[in-house]
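Dear colleague,

I am handing over the structure below, and my notes on what was found in it follow. Please read them with the model open beside you.

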Amino acid sequence: MDLIVESSAFAPLPLGFCGLGTGYLIYGPEELFHWPKRDESVDRSTGVWGIWLPGFCQLVTGIILFVGLTWFQVFKDAPLYMAALAFSAYGIHWFALGYNRWQGVDPRTNAGDWPVGLLFVGLTLIYISDFFHSIGQAWGERSLGLWHLVTGLWLMYLTFATSLNFSLGMTLPL
């Protein structure tokens, strides 16, 4: 017996956006204005908020999108697949950020992660180029292509280096 499920126009994107926005609004004043002043109590509190609002809301959004796109096929728009991936990955990222804040972990350990930082620079350049392409700027498409290629090559390096580091114990920069 086939289960017939109707398409839905109600993808849970607002849930993910709200969670992420709340996380930025919680962490932003601390980082910009040093308010409230960070101490163990504040870090534990904002760590929990970082886990549950941006982390959980985005992860739930990603899971709902993946399940809706693949198992039940209630969502049909192809760009929602990328949204599912992004919300899931960023939700997990916020779990790590919140947990590290909650535990009072030294954030300076992230400074040595320049290869991943470089990836985010590439992604930012892609989004900027895509914006100009979407508003009809002719150079936007070529810029988008350039940053897709450069970032894609960098991702292939990260894939290769991660595989060699994990499987052969190499120490390529990651």
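A residue is called buried when its relative accessible area is under 20%, exposed when that area is over 50%, and partly exposed in between. Leucine 3, with a relative accessibility of 67%, therefore counts as exposed. Please keep in mind throughout that this is a predicted model, and that every value here is computed from it.

Overall architecture

The protein has 5 helices and 0 strands, so that, by the helix assignment used here, the order of elements from the N terminus reads α-α-α-α-α. Taken along the principal axes, the C-alpha atoms fill a box of roughly 55 × 40 × 40 Å. Of the 174 residues, 29% count as buried, and the protein exposes about 11900 Å², with carbon and sulfur atoms supplying 71% of that area. When contacts between residues at least 6 apart in sequence are considered, 64% of them join residues at least 24 apart.

The nonpolar patch

Leucine 3, with which I began, is found in the segment before α1, the helix of residues 13-33. Together with Val5, Trp71 and Phe72, Leu3 makes a nonpolar surface patch of about 490 Å². Tryptophan 71 is found in the loop between α2 and α3, and, with a relative accessible area of 67%, tryptophan 71 is exposed. The C-alpha atoms of tryptophan 71 and alanine 84 are 13 Å apart in space, while the two residues are 13 apart in sequence; alanine 84 itself is listed among the buried residues of α3.

Helix α3

Helix α3 comprises 25 residues, 79-103, and at 1.5 Å a residue it should span 36 Å, which agrees with the 36 Å that separates its end C-alpha atoms. Its buried residues are Leu80, Ala83, Ala84, Phe87, Ser88, Gly91, Trp94, Gly98 and Arg101, and what covers them includes α1 and α2, the latter being residues 40-70. After α3 comes glycine 104, whose phi is positive, near 70 degrees.

Salt bridges

How many salt bridges does the model contain? The count comes to 3, and arginine 101 of helix α3 takes part in a salt bridge with glutamate 30, in which the side chains meet at 2.2 Å, N to O. Because glutamate 30 lies in helix α1 and arginine 101 in helix α3, this pair ties together parts that are 71 residues apart in sequence. Both glutamate 30 and arginine 101 are buried, and for arginine 101 that label follows because its relative accessibility is 9%.

Glutamate 31 also forms a salt bridge with arginine 101, the closest N and O atoms being 3.6 Å apart. This pair likewise links distant parts of the chain, with glutamate 31 in helix α1 and arginine 101 in helix α3, 70 residues apart.

Arginine 38 forms a salt bridge with aspartate 43, with the closest N and O atoms 2.8 Å apart. Arginine 38 counts as partly exposed at 39% relative accessibility, whereas aspartate 43 counts as buried at 11%. As for the other residues named in this section, salt bridges that share partners join Glu30, Glu31 and Arg101 into one network.

Cysteines

Why is cysteine 18 not bonded to cysteine 57? The closest cysteine sulfur to that of cysteine 18 is the one in cysteine 57, and it lies 6.2 Å away, too far for a bond, since a disulfide calls for sulfur atoms within 2.5 Å. Seen from the other side, cysteine 57 is in no disulfide, the nearest cysteine sulfur being that of cysteine 18. The count of disulfides accordingly comes to 0. Cysteine 18 is partly exposed, with a relative accessible area of 48%, whereas cysteine 57, at 13% relative accessibility, counts as buried.

With best regards

Conventions
Residues are numbered from 1 along each chain as its sequence is written. This is a predicted model: local features need pLDDT of at least 70, side-chain atom pairs count only at pLDDT 80 or more; totals for chains, interfaces and linings use all residues. Side-chain values use heavy atoms; hydrogens and water are left out. Patches are made of residues with over 30% relative accessible area and no salt bridge: like charges are joined within 9 Å, nonpolar side chains (Val, Leu, Ile, Met, Phe, Trp, Tyr) within 5 Å. Accessible areas come from the Shrake-Rupley method with a 1.4 Å probe; for residues, only the protein chains shown count as cover. A salt bridge is a side-chain nitrogen of Lys or Arg within 4 Å of a carboxyl oxygen of Asp or Glu. Helices (H or I, at least four residues) and strands (E, at least two) are DSSP runs, numbered from the N terminus. Buried means under 20% relative accessible area, exposed over 50%, partly exposed in between (1.4 Å probe, protein chains only). The expected span of a helix is 1.5 Å times one less than its number of residues. Contact means heavy atoms within 4.5 Å.
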